[in-house]
Structure formats: C-alpha cells, structure tokens
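Visitor: I would like to go through the side-chain contacts of this model with you, one question at a time. Could you show the structure before we begin?

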Amino acid sequence: MTHYDTSAIDQLLEKRYSPRTFSETEIDEGLLLQILGAARFAPSSFNEQPWRFIYATKSQSDHYSNLLSTLAEGNKDWASTAPVLVLAIAKTNFSANEKPNRHAWYDTGAAVAHITLKASSHDIYIHQMAGFSTTKAKELFAIPEGFEAVAMIAMGYNAESEHQSKKKKKLDEIAFRGAWGLK
C-alpha cells in the first residue's frame, strides 16, 4: 500500500468533533458569514443548491430563543451554550421543473460538510442535531411549502477540556470493492 502524506484537509477531517459544551466567545459576524458561505461551493444535483439556512447568534436573543425552542429537551441544555444556532433546510423540488429532488437532503448534507470544514479551519466546532421539531420550525420561521427542515446545528468554540471522540468504523466495514461485503 502506498503511503500518502497527511494534507491540511485530512487534519481538518480528523479534528472534526461534536462538542456538547461551547465557549461563550462570540463568533465574529464576518467570519460566521464566511463559514456559512462555504456551503455555496458544495456539489449538488443539477447545481440546484437546495440548501437554505436560518441562523441566529445569542445577541439576537429572540431569534436565538426561537431556534432553541425547536430542540428536543435533551438537546436544549447543552446547545444553549453555543453562541450560534443554525437551522439547515432543503428545497424538496427542482426549480426548473418542480419535480421532486430526491437528492435535496444529500446535497444539503454536503453543504453542511463544507460549513463544518470551514468552521474547523478556524477552530470553530459544530454539533448537528436531528432532535428538533420540524413542525415547530416550519411554523416559527414561516418556512414555505416545498422546503423542509433537515437539521439543527450548534456552532461555537469548544469549551470541553478533553476531546471525547467516538469510535469510528473500520474502512472495510463501510467500503466494499466491487460488491457488497467484498474486501
């Protein structure tokens, strides 16, 4: 097997971590917009770019409280330490023909991955959450028909003293050469 040097991107991928405690340090608004702007460079089916984001900082207390209120009880306490909350949303139909875009959620995930890498490059961490009310989000934020809330994201500087990484599956458990289960 050929040895490859670890690149900057590899370091960011390995650094990625989902903390449950964030520093109170605010993220500069310009930097926050750069991080969110990284989504623009994500690939998408037919270049649809189906992702949309609603975000708020703690200093925007009403908007922040609304985002926080959509979270499941188990997420509210720790997520409230994050200086930024973001709601990721997917447009469910293609703009050109209004046919269903079955890749909208996949593409939105790719956009969030871009945000994650950009944030990591500035020592900012994100924790994505599935535990939130999509119904409440739709109501509170007037999300129009044809759009669906996908994930909530807590974002900020890490305040945890120790990185508590989770066990990752081995490569041969997730990648198969030629057919399912082959190595």
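Visitor: Is W180 buried or exposed?
Guide: This is a predicted model, and the answer for W180 rests on its computed relative accessibility, for which the threshold of exposure is over 50%. W180 has a relative accessibility of 78%, and therefore counts as exposed.

Visitor: How exposed is F176, and in which class does F176 fall?
Guide: The class between buried and exposed runs from the limit of under 20% to that of over 50%. F176 has a relative accessibility of 27%, so its class is partly exposed.

Visitor: What is the geometry of the F46 and F94 ring pair?
Guide: The count of aromatic pairs in the model comes to 2. In the pair formed by F46 and F94, the ring centres are 5.5 Å apart and the planes stand at 85° to each other. Planes over 60 degrees apart count as edge-to-face, and the F46 and F94 pair is accordingly edge-to-face.

Visitor: How many residues apart in sequence are the parts that this pair ties together?
Guide: F46 is located in the loop between α2 and β1, whereas F94 is located in the loop between β2 and α5 (104–120). The two partners also differ in accessibility, since F46 is exposed at 74% and F94 is buried at 11%. Because the two residues sit in these separate loops, the pair ties together parts whose separation in sequence is 48 residues.

Visitor: Which residue in the loop between α2 and β1, other than F46, has a positive phi?
Guide: F46 itself, placed in the loop between α2 and β1, has a phi near 55°, a positive value in a residue other than glycine. A further residue of the loop between α2 and β1 is partly exposed at 28% relative accessibility. With a phi of about 50°, although not a glycine, this residue is Q49.

Visitor: Which residue forms a salt bridge with E48, and where does that partner lie?
Guide: E48 belongs to the loop between α2 (29–37) and β1 (51–57), and its partner lies 43 residues away in strand β2 (residues 84–91), so that by the salt bridge criterion of within 4 Å the pair links distant parts of the chain. Both residues of this pair are buried. The closest N and O atoms are 3.9 Å apart, and the partner is K91.

Visitor: Which helix holds both K76 and E73?
Guide: K76 and E73 form a salt bridge in which the closest N and O atoms are 3.1 Å apart. E73 is exposed, with a relative accessible area of 60%. Being 3 residues apart, K76 and E73 are separated by about one helical turn, and the helix that holds them is α4 (residues 73–79).

Visitor: How many salt bridges does the structure hold, and which residue pairs with K183?
Guide: The structure holds 3 salt bridges. In one of them, K183 meets its partner with the closest N and O atoms 3.5 Å apart, and that partner is D172. The pair joins distant parts of the chain, 11 residues apart, with K183 in the segment after α7 (171–174) and D172 in helix α7. K183 is exposed at 71%, while the partly exposed partner, with a relative accessible area of 35%, is D172.

Visitor: Where does K168 lie, and which residues gather with K168 in a patch of positive charge?
Guide: K168 is placed in the loop between β4 (147–156) and α7, and at 58% relative accessibility K168 counts as exposed. The residues that gather with K168 in this surface patch of positive charge are R16, R20 and K166.

Terms used:
Residues are numbered from 1 along each chain as its sequence is written. This is a predicted model: local features need pLDDT of at least 70, side-chain atom pairs count only at pLDDT 80 or more; totals for chains, interfaces and linings use all residues. Side-chain values use heavy atoms; hydrogens and water are left out. A salt bridge is a side-chain nitrogen of Lys or Arg within 4 Å of a carboxyl oxygen of Asp or Glu. Buried means under 20% relative accessible area, exposed over 50%, partly exposed in between (1.4 Å probe, protein chains only). Patches are made of residues with over 30% relative accessible area and no salt bridge: like charges are joined within 9 Å, nonpolar side chains (Val, Leu, Ile, Met, Phe, Trp, Tyr) within 5 Å. Accessible areas come from the Shrake-Rupley method with a 1.4 Å probe; for residues, only the protein chains shown count as cover. Lys and Arg count as positive and Asp and Glu as negative; His and the chain ends are not counted. The place of a charge is taken as NZ of Lys, CZ of Arg, CG of Asp or CD of Glu. Rings of Phe, Tyr and Trp (its six-membered ring) pair if their centres lie within 6.5 Å; planes under 30 degrees apart count as stacked, over 60 as edge-to-face and the rest as tilted.
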